[in-house]
Amino acid sequence: MKLHEYQAKEVFAEAGLPVPASELAATVEEAVAAGERIGLPVAVKAQVRVGGRGKAGGIELADTPEELREVGECVLGSELKGLHVDRVLVEDAVEFTNELYVGVTMDREAGEPVAMVSSEGGVNIEAVAAETPEAIAREHVIPSFGLHPYQARRAVSEAGVDDAVADDVADTLRTLYRVWDDNDGSDAEINPLMMTEDDAVVAADAVLNVDDDALFRHPGLREYAESTAGSDLGRKAEEYDFDYVRLEGNVGVVGNGAGLVMTTLDLVDHLGGEPANFLDVGGGAKAERVRNALDMVFSDENVDSVVFNVFGGITRGDEVARGIDTALEEFDPLPDPVVVRLAGTRAAEGREILNTDRVEVEATLEAAVERAVELAGARADGGRESSTDATTPERGGDRR
Ligand code: GDP
Ligand code: MN
């Protein structure tokens with residue numbers, strides 16, 4: 001589970017990490033009032049759970065109440081990387097002399113947690129990691145010992161962090177490791193950790209992702225999951241008990257079996273398309289489950305076409321076909337075209353049953369994926385009014 005920035009900051013603040021004063025706002029009026037209480041200038045930050053908001057126009061500074069109103073109107077209600085912005089965090093703007101990075105994650109190759117520091121934090125940390133990995137100092141951690149003070153100091157020193165804040169950064173890293181460990185984190189990150197004129201450090205951003213399978217022992221964090229209003233997809237996935245993984249593309253993918261879905265994703269990519277999601281309906285695939293799966297992809301505004309890949313095994317093809325027909329009756333008109341590939345046990349019977357007025361049916365996976373990619377391409381180029389691509393990232397991007 002990914003926490004919102006404002007939620008992660010609550011957890012961080014409780015652990016004693018230095019976060020700026022901030023308030024959550026759902027309307028422009030609330031944002032303006034928050035700005036008055038906090039004191040200008042403020043940063044207005046879109047609360048959507050994606051990285052790179054800064055570059056996409058989701059973080060704006062405001063020096064005056066008028067500017068704050070303007071920025072609030074621009075960011076609230078906008079779409080950022082395909083997600084609707086229904087809340088912003090209004091935060092005391094930090095004047096910084098340098099942007100650092102601290103993070104904790106699981107190094108799967110090493111089989112150990114790793115704590116990281118860089119003196120080149122900010123919006124380009126991905127490029128730093130890819131191009132000059134040596135600019136990120138790393139310390140592996142033995143969980144039963146935790147991150148030793150000397151390790152934190154060594155990482156900070158290796159990263160070339162300014163002496164004036166070295167101790168504070170080392171403390172921050174140790175606290176962040178503790179937060180990560182205490183909350184069964186998968187990733188914890190402060191980027192940027194801002195260094196200020198008077199040699200203090202401030203956590204300007206906060207990322208905390210936690211292991212879903214450990215949520216049962218963190219009732220506090222579970223409440224965060226329940227209050228993730230604004231993510232219809234997340235709420236639906238929870239309600240329907242699906243693992244819905246959102247990807248970057250526009251070809252919706254549904255299948256019965258995780259391996260089958262992965263293969264379909266690969267094939268979409270191979271045939272020149274980009275998958276929008278991963279969704280496994282699992283075995284059995286009763287009509288209701290099929291309906292719920294379709295409801296999920298149809299509600300994903302990134303999806304332009306859907307390929308439904310069914311392999312009949314114990315679940316017979318004709319049963320699944322009936323499930324698909326029943327499910328589709330509920331959607332009129334169909335939000336996105338659906339291409340079904342049906343193979344395996346009683347596939348021929350299934351293909352006979354499927355209502356071809358509503359779905360296109362293909363016998364091979366290649367043909368089905370090719371068709372879905374074609375349909376998605378045509379719709380992305382032409383017709384849709386509420387396109388999420390191309391127009392969004394520019395908005396307000398380089399205002400300052
Ligand atoms: P992200 O792009 O989603 O990771 O969002 P961040 O919270 O990291 O913000 C991106 C960038 O916006 C930062 O690296 C800063 O350069 C800038 N920024 C964010 N908050 C502030 C702030 O309070 N003051 C100033 N001056 N810049 C900020
Ligand atoms: Mn950031």
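This is a short selection-by-selection tour of a predicted model.

**Stop 1: the domains**

Colour the chain by domain. There are three ranges to enter: domain 1 (20–92), domain 2 (98–221) and domain 3 (232–392).

**Stop 2: ligand 1**

Select ligand 1 and show the residues around it. There are 18 of them, and Lys45, Arg53, Gly54, Glu99 and Asn191 come nearest. By type, the shell divides into nine nonpolar, four polar and five charged residues. Keep the domain colours on: domain 1 (20–92) and domain 2 (98–221) each give at least three residues to this shell.

Now look at the backbone around the ligand. Which backbone atoms lie by its oxygen atoms?

- Gly54: a polar backbone atom is 2.8 Å from an oxygen atom of ligand 1.
- Val94: a backbone N or O atom lies 3.0 Å from an oxygen atom of ligand 1.
- Gly52: here the distance from a backbone N or O atom to a ligand 1 oxygen is 3.5 Å.

Switch on a surface next. Ligand 1 taken alone exposes 560 Å², and the protein buries 85% of that.

Then go back to the cartoon. Five elements give two or more residues to the shell: strand S2 (42–46), helix H3 (53–56), strand S3 (59–62), strand S7 (96–107) and strand S10 (185–196). S10 gives the largest share, three residues.

**Stop 3: along S10**

Stay on S10 and select Asn191 and Pro192. A cis peptide bond joins them, with omega about 5°. Pro192 lies in strand S10, and Asn191 is among the residues that come nearest to ligand 1.

Step back to Asp184. This residue sits in the loop between helix H7 (163–182) and S10. Its phi is near 55°, a positive value in a residue other than glycine.

**Stop 4: ahead of S2**

Select Leu40 and Pro41. Another cis peptide bond is here, and omega is about 0°. Pro41 is in the loop between helix H2 (28–38) and S2.

**Stop 5: domain 1 against domain 3**

Zoom out and show domain 1 and domain 3 together. Their centres, taken over C-alpha atoms, are 36 Å apart. Where they meet, six residues of domain 1 are in contact with five residues of domain 3. The area buried between them is about 400 Å², and carbon and sulfur atoms give 35% of it. Select Glu79, Gly82 and Leu83 on the domain 1 side. These lose the most area to domain 3, together 78% of what that side buries.

**Stop 6: Arg346**

Finish at Arg346, in the loop between strand S17 (338–344) and helix H13 (347–353). Phi of Arg346 is near 50°, positive in a residue other than glycine.

Note on methods. Residues numbered from 1 in each chain as written. Chains lettered and ligands numbered in written order. Predicted model: local features only at pLDDT ≥ 70, side-chain atom pairs only at ≥ 80, totals over all residues. Heavy atoms only, no water. Near = heavy atom within 4 Å. Polar contact = N/O pair within 3.5 Å; in protein donor to acceptor, adjacent residues only side chain to side chain. Areas by Shrake-Rupley, 256 points an atom, 1.4 Å probe, with all protein chains shown as cover. Helix = DSSP H or I, 4+ residues; strand = E, 2+ residues; numbered from the N terminus. Nonpolar A, V, L, I, M, F, W, Y, C, P; charged D, E, K, R; others polar. Domains from an automatic or database assignment. Contact = heavy atoms within 4.5 Å. Buried area = accessible area lost by both parts, 1.4 Å probe.
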